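The questions below work through the structure shown next, each answered by a short chain of reasoning.

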Amino acid sequence: MRVLVNKLFTYVNLHKGEEDKNKVLESVISNISFRGSNLWILACAIVVASVGLNVNSTAVIIGAMLISPLMGPIIGAGFGLGIYDFNLLKRSLKNLLVATLASLAVSTVYFYISPFKEAMPELLSRTSPNFYDILIAFAGGLVGVIATTRVEKGNPIPGVAIATALMPPLCTAGYGLALGNMKFFFGALYLYSINCVFICLATFLIVKYLQYPITKQLDEKHQKQVRYIITTLILILILPSIYFAYQLFQEKKYQHQINVFMETEFTDKGIAILYKKTKFNENPKKLELGFLTKRFNEEEIKSLNEKLKSYDLNNTKLLIIQDTTDLKSDILNEINYNKSVLSQKDVTILNLKNEIASNKYENKALLAEIKILFPEIENISIANHTFNEDTANTKTIPVLLYKSKTELDEASKQKLTLWLQQRLKKKQIEIYSQK
């Protein structure tokens with residue numbers, strides 16, 4: 001049994017492949033500063049992330065997270081806390097504060113001057129953190145600090161930067177400041193705080209596990225104080241996030257039951273739903289529905305409200321919008337308008353097609369018919385020609401050019417002209433022989 005335990009321990013032993021502790025500390029300390037190039041890189045990363053959030057581009061946001069140097073002071077704070085180097089902890093927190101304020105300033109200015117103020121999905125997703133964000137931050141922090149302490153750094157660091165997502169919440173907070181939306185500002189700042197604290201906590205735990213040498217020996221009293229501070233900070237952050245996660249779960253469950261109710265009671269019965277709106281955060285919750293043709297009397301509405309409980313939709317009131325005349329009229333008018341009215345481009349294309357069709361003659365078919373009446377004709381070519389009658393007016397006349405074994409006499413030409421006028425429904429036709 002002991003052999004099996006020892007073998008299992010070799011698989012999970014973090015001391016294997018570990019970098020020299022002094023070198024790791026030197027690397028951590030060198031990455032906490034936000035002066036010169038690091039500050040410029042951070043500002044550029046913030047602009048890139050803000051643009052990505054503004055245009056809802058996931059790829060651009062990921063790029064910004066990869067070039068961001070924000071992880072440095074957070075890991076530095078975790079190391080400082082783990083080895084009781086309060087000077088390192090103080091420097092790390094100071095640099096993190098500088099980076100945070102600089103990021104908020106840059107993102108706020110960007111969103112203030114940006115002409116696009118709409119809150120896109122990528123931006124909205126950073127305003128309501130929950131317990132899952134804590135798990136991501138903690139797991140990402142573990143990966144980040146483990147990679148930092150390895151001889152072979154490998155590829156985890158970029159992945160950690162993407163997963164923990166420090167940049168987007170800061171940019172979202174800047175968006176909230178720029179628009180004066182404090183809900184966005186505090187929600188995004190809360191997510192940013194979660195990421196920072198739990199990355200720092202993960203770093204602290206790994207530093208303790210790897211037994212990095214303590215810089216300053218603390219007595220039992222001060223060690224308890226450190227533990228109390230860490231525990232209190234964790235509880236302050238974790239309890240609201242658990243509540244938000246529970247709310248998210250309840251809302252997803254509620255929306256699922258709403259869809260089941262709508263499908264069973266309306267869609268499966270061939271009743272087309274024109275409008276739907278749910279109000280989950282009201283008391284009682286509300287479900288508003290509008291229908292294309294179906295109208296309900298008071299008894300039917302009462303019956304549907306009673307059925308809500310059987311779908312586990314308690315404390316919910318169904319409101320059916322009966323007066324949908326204007327809405328239906330607008331939709332139908334738009335459909336008819338799109339069918340009957342062509343765009344300017346389509347009109348131009350149609351006119352060109354008509355013009356080409358009016359100027360096009362089936363020479364081959366006409367030749368076959370003409371040969372029956374005039375066997376001596378071998379080939380023809382007919383097309384419209386435009387003549388200028390004066391400086392202001394033009395006249396378009398079909399002109400027939402024919403090739404024949406013998407020249408047509410005047411009587412035959414007259415006969416051919418009259419036949420073509422009748423056949424092509426043209427008032428005037430010119431006929432010429434190809435010499």
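Q: Helices are DSSP runs of H or I with at least four residues, strands are runs of E with at least two, and both are numbered from the N terminus. On that basis, in which loop is the place of Asn56?

A: The model is a predicted one. Asn56 has a phi near 60°, a positive value in a residue other than glycine. Because its relative accessibility is 28%, Asn56 counts as partly exposed. Its place is the loop between H3 and H4.

Q: Is Gln211 buried or exposed?

A: Gln211 also takes a phi near 60°, a positive value in a residue other than glycine. This residue sits in the loop between H11 and helix H12 (220–265). Since its relative accessibility is 61%, Gln211 counts as exposed.

Q: What is the omega of the cis peptide bond that joins Asn283 and Pro284?

A: Pro284 belongs to the loop between strand S1 (273–279) and strand S2 (285–291). The bond from Asn283 to Pro284 is cis, with an omega of about 0°.

Q: How far apart are the end C-alpha atoms of helix H10?

A: Helix H10 covers residues 167–179, which is 13 residues. At 1.5 Å a residue, the helix should therefore span 18 Å. The computed separation of its end C-alpha atoms agrees with this, at 19 Å.

Q: Which helices are included in what covers the buried residues of H10?

A: A residue is buried when its relative accessible area is under 20%. H10 is mostly covered, as 11 of its 13 residues are buried, including Met167, Leu170, Cys171 and Tyr175. The cover over these buried residues includes helix H3 (37–55), H4, helix H6 (86–113), helix H7 (121–124) and helix H11 (182–209).

Q: Which residue takes a positive phi just after H10?

A: The place to look is directly beyond the end of H10, where phi is about 70°. The residue with this positive value is Gly180.

Q: Which helix gives the largest share of the largest nonpolar core?

A: The largest nonpolar core has 64 residues, and those that touch the most other members are Leu70, Phe79, Phe111, Leu166, Met167, Phe198 and Tyr212. The largest share of this core amounts to 15 residues, and it comes from H11.

Q: Which residues are in contact with Leu70, leaving aside its neighbours within four places in sequence?

A: Contact requires heavy atoms within 4.5 Å. With the neighbours within four places in sequence set aside, Leu70 is in contact with Phe34, Leu42, Leu96, Ala99, Leu166, Met167, Leu170 and Tyr192.

Q: How many residues make up the other core, which lies apart from the largest one?

A: This other core includes Phe266, Phe280, Tyr311 and Ile320 among its members. Its total is 17 residues.

Q: What is the area of the nonpolar surface patch that includes Leu66?

A: Leu66 is found in helix H4 (residues 58–67). Because its relative accessibility is 44%, Leu66 counts as partly exposed. Together with Ile41 and Ile67, Leu66 makes a nonpolar surface patch of about 250 Å².

Q: How many residues apart in sequence are the parts tied together by Lys307 and Glu265?

A: Lys307 and Glu265 form a salt bridge whose closest N and O atoms are 3.3 Å apart. Lys307 lies in helix H13 (residues 298–307) and Glu265 in helix H12, so the pair ties together parts whose separation in sequence is 42 residues.

Q: Is Glu265 buried or exposed?

A: Its partner Lys307 is partly exposed, with a relative accessible area of 32%. For Glu265 the relative accessible area is 9%, so this residue is buried.

Q: Which residues are joined into one network by salt bridges that share partners?

A: A search of the whole structure finds 7 salt bridges. Those that share partners join three residues into one network: Glu265, Lys269 and Lys307.

Q: What is the N to O distance in the salt bridge between Arg423 and Glu369?

A: Arg423 is in helix H17 (residues 410–424) and Glu369 in helix H16 (residues 363–373), so the pair links distant parts of the chain, 54 residues apart. At 36% relative accessibility Arg423 counts as partly exposed, and at 29% Glu369 counts as partly exposed too. Their side chains meet with an N to O distance of 2.9 Å.

Conventions. Residues numbered from 1 in each chain as written. Predicted model: local features only at pLDDT ≥ 70, side-chain atom pairs only at ≥ 80, totals over all residues. Heavy atoms only, no water. Patch = residues over 30% accessible without salt bridge, like charges linked within 9 Å, V, L, I, M, F, W, Y side chains within 5 Å. Areas by Shrake-Rupley, 256 points an atom, 1.4 Å probe, with all protein chains shown as cover. Salt bridge = Lys/Arg side-chain N within 4 Å of Asp/Glu carboxyl O. Buried < 20%, exposed > 50% of the residue type's maximum accessible area, 1.4 Å probe, protein only. Expected span 1.5 Å × (residues − 1). Core = buried A, V, L, I, M, F, W, Y, C linked by side-chain atoms within 4.5 Å.
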